[in-house]
Amino acid sequence: MAAGAAEAAAAVVEVGSAGQFEELLRLRAKSLLVVHFWAPWAPQCAQMNDVMAELAREHPQVSFVKLEAEAVPEVSEKYEISSVPTFLFFKNSQKIDRLDGAHAPELTKKVQRHASSGSFSPSGGEHPKEDLSLRLKKLTHAAPCMLFMKGTPQEPRCGFSKQMVEILNKHNIQFSSFDIFSDEEVRQGLKTYSNWPTYPQLYVSGELIGGLDIIKELEASKELDTICPKAPKLEDRIEYETFDILEDEEVRQGLKAYSNWPTYPQLYVKGELVGGLDIVKELKENGELLPILKGEN
């Protein structure tokens, strides 16, 4: 075990200068090169270093590199490293993919995919570009309103993306999202596809609306509500029927005994009594009302 661990550790090269990094890119051009931009103060980086050491043992044909992001700022700035841990993937001295964050399963998946994909050829003709263009078209049309952002609506990973999500939620706008950190090809390709260099980007029916500044302008001019699709309100999503118990005294009195509930209103779902006003209020406060109305409970 000790020998195996030593072999894995030795397989990860540590780079301390920009010159050393460029030389390594040249020397390892024919193999997949995975570079971990890390910082000694970040515990998640130490965890990912362990993951990378294990991957190095499993993939001896892949070159794994550690580069302390703040110690080699010229390299970090060149490749837009704004947080750690970040992983870049190189073939033929060209960056082909990126992973931001401590996502061990995703790192493993990307290493396996790129290691088995053979050599990356920068002179592969127009087919890769055409394929990417079709893919971007599908992604921008994936939902009536699509947000391309850094992170997810639940966990935005930049202030601009966070503000965009807050505006859309405030206006009850129904949207789907794509984390551009999850796919470097999409992240770079969409900039050219839409001629828009920054993120977040908002699309409606496949057409680019703009970034945060434009969305703020549309909000101020009250045009945003007319451009973006609204999420359906609760009353539109729940179909219900009513019965006026004042119209039928027999039903009015009989239902009290039938359900052993002496007052009105009474709410039923699938023939089962939920309760009166007080109980419905409690269920709403507890977040249990909607699942019950949808028949999930």
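The accessible surface of the chain comes to about 17500 Å², and 52% of that area belongs to carbon and sulfur atoms. The model shown here is a predicted one, and the values that follow are computed from it. Of the 297 residues in the chain, 39% count as buried. The chain holds 14 helices and 11 strands. Among the contacts in the chain with a separation of 6 or more, 62% are accounted for by residues 24 or more positions apart.

A reader new to the structure may begin with two buried residues, each of which sits in a strand. Val-65 is found in strand 3, which covers residues 63–68, and because its relative accessibility is 0%, under the cut-off of 20%, Val-65 counts as buried. Leaving aside residues up to four places away in sequence, Val-65 touches Val-12, Val-13, Val-15, Leu-24, Leu-33, Val-34, Val-35, His-36 and Met-52. Val-65 and Leu-88 lie 23 residues apart along the chain, and their C-alpha atoms are separated by 9.8 Å.

One of the residues that Val-65 touches is His-36, which belongs to strand 2, residues 33–38. His-36 is buried as well, with a relative accessible area of 0%. With residues up to four places away in sequence again left out, His-36 touches Cys-45, Met-48, Asn-49 and Met-52, together with Val-65, Lys-66 and Leu-67, and also Pro-85, Thr-86 and Phe-87. Met-52 therefore appears in the list for Val-65 and in the list for His-36, as the definition of contact by heavy atoms within 4.5 Å is applied to each.

Pro-85, one of the residues touched by His-36, leads on to the backbone. Most residues other than glycine have a negative phi, and most peptide bonds are trans. The peptide bond from Val-84 to Pro-85, however, is cis, with omega near 0°, and Pro-85 has its place in the loop between helix 4 (73–78) and strand 4 (86–91). Glu-80 lies in the loop between helix 4 and strand 4 too, and its phi is near 55°, a positive value in a residue other than glycine. Because its relative accessibility is 44%, Glu-80 counts as partly exposed.

Further along the chain, a cis peptide bond joins Tyr-199 and Pro-200, with omega about 10°. Pro-200 is placed in the loop between helix 8 (184–194) and strand 8 (201–204). Asn-260, which is not a glycine, has a positive phi of about 55° and lies in the loop between helix 12 (249–259) and strand 10 (267–269). With a relative accessibility of 66%, Asn-260 counts as exposed.

The last step turns to the packing of two helices. Helix 7 (residues 159–170) and helix 9 (residues 212–220) pack at an angle of about 25°, and their axes are 10 Å apart. Because angles under 35 degrees count as roughly parallel, helix 7 and helix 9 are roughly parallel to each other. The crossing of helix 7 and helix 9 is left-handed. On the side of helix 7 the contact is made by Phe-160, Gln-163, Met-164, Ile-167 and Lys-170, and on the side of helix 9 by Leu-212, Ile-215, Lys-216 and Glu-219. Sorted by class, the contact of helix 7 with helix 9 has five nonpolar residues, one polar residue and three charged residues.

How values were computed
Residues numbered from 1 in each chain as written. Predicted model: local features only at pLDDT ≥ 70, side-chain atom pairs only at ≥ 80, totals over all residues. Heavy atoms only, no water. Axes fitted to C-alpha atoms, helices over the stretch in contact; angles between N-to-C directions. Helix = DSSP H or I, 4+ residues; strand = E, 2+ residues; numbered from the N terminus. Parallel < 35°, antiparallel > 145°, perpendicular 65-115°, else oblique. Left-handed = near helix turned anticlockwise from the far one by under 90°. Nonpolar A, V, L, I, M, F, W, Y, C, P; charged D, E, K, R; others polar. Buried < 20%, exposed > 50% of the residue type's maximum accessible area, 1.4 Å probe, protein only. Areas by Shrake-Rupley, 256 points an atom, 1.4 Å probe, with all protein chains shown as cover.
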